[in-house]
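Take a moment to turn the model around on your screen before reading on. We'll go through it one piece at a time.

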Protein chains: 2
Amino acid sequence: MRYAALAAVLSCTPLTLFADPLPSWNDSDSKNTIIEFIGNVTDPRGPNYVTPADRIAVFDNDGTLWAEQPVYFQFIFAMDQLAELAAQDPSILSTPALKAAAEGDLQTILEGGHDALIEVVNASHSGSSVEVFQASVADWLGTARHPETDLPYDQMTYQPMVELLRYLRDKDFKTYIVSGGGLHFMRVFAEQAYGIPPEQILGTYGETTYDSVDGTPVINKAPGIAFIDDKEGKPINIERTIGKRPIFAGGNSDGDFAMLEWTTAGDGPRLGVLIHHTDADREWAYDRESPIGRLVDGLDKGPDMGWVIVDMANDWSRIYTGAN
Amino acid sequence: MRYAALAAVLSCTPLTLFADPLPSWNDSDSKNTIIEFIGNVTDPRGPNYVTPADRIAVFDNDGTLWAEQPVYFQFIFAMDQLAELAAQDPSILSTPALKAAAEGDLQTILEGGHDALIEVVNASHSGSSVEVFQASVADWLGTARHPETDLPYDQMTYQPMVELLRYLRDKDFKTYIVSGGGLHFMRVFAEQAYGIPPEQILGTYGETTYDSVDGTPVINKAPGIAFIDDKEGKPINIERTIGKRPIFAGGNSDGDFAMLEWTTAGDGPRLGVLIHHTDADREWAYDRESPIGRLVDGLDKGPDMGWVIVDMANDWSRIYTGAN
């Protein structure tokens, strides 16, 4: 090759080839273990090489890819949505839980337990087509602000995790979300926020019906939860939807334990990563006692299973993709 | 560009660029409409251009990608599987339907209706891990032969459809199976037979459980059908799993009607294709009166909706991928 041609090729080589692929991660055991794992499974001459077709990486969303305090953001949407619906038709607030939700009274709803939560989800997440529902979510994301950070919710995604997702895809991983959050809710922002397309998002979903409106078919959201994508539901949904066992799994709570267990119990090289919320200054610090994102089993058993426990306060130099 | 460089580029151009992409399709309106559609949506300068991310093509399996007579091949597997299980433990044949199935007495099972079918499916498709079940399917495909053609079942895939799948992928379509057949059953052969990986196969699925065996997690197949991927279930499953409306759908029976309707009712260019089984000599001829692959609505309403009705006898120069 002539020198001129070589120079031309070099000038086209992306700088990222030589740059740190995870710039928002501080030098740490966590970062080193992740980079070493990815290097190992993508080295075609190494003993731990994994073909691209089997490079499946799965991530929880709430508390893993974006924040989840003081309560799951989708639940804040549900309360705002109920308030908006009630402004047009106050009669929909037919129970104490629904009244509390429309007033943003989280405490009363939580005291109502599972039944109260289902009431709020049904009333705010059904009764329209998937398209109309997702337009509501998009509107809400465009205007709502988090009560503490004042950031749009989709700017409270974690910059270090967005970098990790991108790095995995650069290395021919297929990245999936596997979340207890709602499938239709997440699909509204996940492609733009994380680069993850609709067909790679697994989540909790409600019943849907195939109806005809004036001769035009439409898929409507009906009351009732069809599948809860949490705990053992995560590996079950992964097996059902992806049909392959992932080699990389990221989570942050005991709801992710089975997913990480299933991932790392397979043969060959595997990695489980748990985000430990240790940063009360820049984010929130919570684990064993938190009603949201409770983490006990992961802390007790994860290290013995070789999982990386990310110390958010020490391992991340930056938290949110939005300014903070 | 120098002449030498141009010659080098041309010598590397795959011949398929200039060859007929569907050699097992006779010149016909069906073939022309399909090729024209694919050309239109992939022409970046044309008014009907569709970006690769939205080039979703969905196909039924039984009767669309492979044969389905005298009964769905998976049901023949179920009967053979029951006979094998009963050889080890005759007590499992605890009902008349199960006894009939193990003897290959299809007539008696069909007379038993839906309950008899479910009994047979539960007894033959649950009680083991997904891995063990799929190994049984692989063994069966390796040895079983079709009673009339004497071909291995996975050589009774349709050569013209395998060519169509490949052509769509060459044009940056993502090809999916959306079948009433069993998810775990299809995944055993679909990648090799059709080039469709596990995560692009949607089907009927039974309940699964996440269990621990001697401390090792395993996903087991349990009795009970969790989702039937037929009729309205097809668009519902597509919306749920893919999250995009396909622009191309292929089927062969009224079980595919809703899927084609949902696909072609969307905005922009869309194509629905129905395989009409008209070839009693080389395959089977059946439609309105057939208990398997019944086709009434598709024939009556499809043409007005612009769907291509493929006349197997006249449009295909070859049927099976296996010798015939």
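Is Arg282(A) buried, exposed or partly exposed? With a relative accessibility of 29%, Arg282(A) falls in the partly exposed class, because that class lies between under 20% for buried and over 50% for exposed. Keep in mind that what you're looking at is a predicted model. Arg282(A) also has a partner: it makes a salt bridge with Asp279(A), and their closest N and O atoms sit 2.6 Å apart. Asp279(A) itself counts as buried, since its relative accessibility is just 5%. So this pair joins a partly exposed residue to a buried one.

Now zoom out to the whole of chain A. You'll find 14 helices and 8 strands in it. Its radius of gyration is 21 Å, close to the 20 Å that the globule rule gives for 324 residues, so chain A is as compact as a globular protein of that length. If you'd like its extents, the C-alpha trace spans about 75 × 50 × 40 Å along the principal axes. Of the 324 residues in chain A, 54% are buried. As for how the chain folds back on itself, take the contacts with a separation of 6 or more: 66% of them are between residues 24 or more positions apart.

Next, bring in chain B. How do the two chains relate to each other? In general, two copies of a chain are related by a rotation about an axis and a shift along it. Here, turning chain A by 180° with 0.0 Å of shift along the axis lays it on chain B, with an RMSD of 0.0 Å. That is what a two-fold axis does. If you want to find the axis from chain A, look for Thr241(A), whose C-alpha is the nearest to it in that chain, at 3.7 Å. The copies meet through the same surface, because 100% of the interface residues of chain A are interface residues in chain B as well.

One salt bridge ties the two chains together in a way you can easily pick out. The side chains of Glu239(A) and Arg187(B) come together at 3.9 Å, N to O. This pair crosses between chains, running from helix H11 (residues 233-241) of chain A to helix H9 (residues 183-187) of chain B. Both Glu239(A) and Arg187(B) are buried.

Over all chains, the salt bridges come to 20. Another of them is in chain B, where Asp43(B) pairs with Arg45(B) and the closest N and O atoms are 3.8 Å apart. Asp43(B) is partly exposed, with a relative accessible area of 28%, while Arg45(B) is exposed, at 76%. Some salt bridges share partners, and that joins Asp60(A), Lys234(A) and Asp256(A) into one network.

Let's finish with a residue that has no salt bridge. Glu68(A) sits in the loop between strand S1 (56-59) and helix H3 (73-88) of chain A. Glu68(A) is buried, and the nearest side chain of opposite charge, Lys234(A), is 9.1 Å away. A salt bridge needs the nitrogen and oxygen within 4 Å, so Lys234(A) at 9.1 Å doesn't make one with Glu68(A). What does Glu68(A) have instead? Its side chain is joined to that of Asn252(A) by a polar contact of 2.9 Å. Leaving aside residues up to four places away in sequence, Glu68(A) touches several others, including Asp62(A), Phe73(A), His277(A) and Tyr286(A).

Notes:
Residues numbered from 1 in each chain as written. Chains lettered and ligands numbered in written order. Predicted model: local features only at pLDDT ≥ 70, side-chain atom pairs only at ≥ 80, totals over all residues. Heavy atoms only, no water. Helix = DSSP H or I, 4+ residues; strand = E, 2+ residues; numbered from the N terminus. Buried < 20%, exposed > 50% of the residue type's maximum accessible area, 1.4 Å probe, protein only. Lys, Arg positive; Asp, Glu negative; His and termini not counted. Polar contact = N/O pair within 3.5 Å; in protein donor to acceptor, adjacent residues only side chain to side chain. Contact = heavy atoms within 4.5 Å. Least-squares fit on C-alpha atoms with pLDDT ≥ 70 in both. Rg over C-alpha atoms; globule rule 2.2 N^0.38 Å.
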